[in-house]
Amino acid sequence: MTTSPKHTIVDRELFTQALRHMGEEDLLYLNRMVIERLNLLAQAKSTVALAQFTEGDRVQFTATDGSVKQGIVQRLNKKTASVRTDEGQGWKVSPGLLRKVGAG
């Protein structure tokens, strides 16, 4: 179930008060649950983003050094796309960083 910022399952103020009274064991459990949920949401977002691409697509992305790389999607992995750049380098790129480009 998706909730909007105005509609939450638990009132945030009551939740904040409850947090202040939780012990370490309960807080560690809650932390694990939050991390699992965030990972699930990130995986779902990544899956949707990956669905925009297919093997053989021509793409571009900005590398960590700021340079723009272009190449071909070689494989779609669970969380990333394997891209072979025009320079022959292999990169595993988050789908959110990829942009389709013309076959130039």
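Let me start with one pair of residues, because in strand 3 the bridge partner of G71 is T85, and from that pair we can work outwards through this model, which is a predicted one. G71 and T85 are bridge partners within a wider pairing, since strand 2, residues 68–76, and strand 3 run antiparallel and are joined by five bridges. Between these two strands lie four residues, and strand 2 and strand 3 together form a hairpin.

Now please follow strand 3 to its other neighbour, strand 4, which covers residues 90–93 and runs antiparallel to strand 3, with four bridges joining the two. In this pairing S82 stands opposite K92 of strand 4. Strand 3 and strand 4 also form a hairpin with four residues between them, and in that turn you will find G88, whose phi is positive, at about 90 degrees.

How many of the five residues of strand 3 are buried? Four of them are, and so strand 3, residues 81–85, is largely enclosed by the rest of the structure; buried here means a relative accessible area under 20%.

Let me turn, finally, to the second largest pocket, which has a volume of about 170 Å³. Its lining includes N39, A42, Q43, K45, S46 and A49, and, further along the numbering, K79, S94, P95 and G96. If we sort the lining of this pocket by class, we find five polar residues, three nonpolar ones and two charged ones.

Technical notes: Residues numbered from 1 in each chain as written. Predicted model: local features only at pLDDT ≥ 70, side-chain atom pairs only at ≥ 80, totals over all residues. Heavy atoms only, no water. Buried < 20%, exposed > 50% of the residue type's maximum accessible area, 1.4 Å probe, protein only. Pairing = 2+ DSSP bridges. 1 Å grid on protein atoms, 1.4 Å probe; cavity = no way out; pocket = protein on both sides within 12 Å on 5 of 7 lines; lining within 4 Å. Points joined across faces, edges and corners; volume = space filled by probe spheres on them. Nonpolar A, V, L, I, M, F, W, Y, C, P; charged D, E, K, R; others polar.
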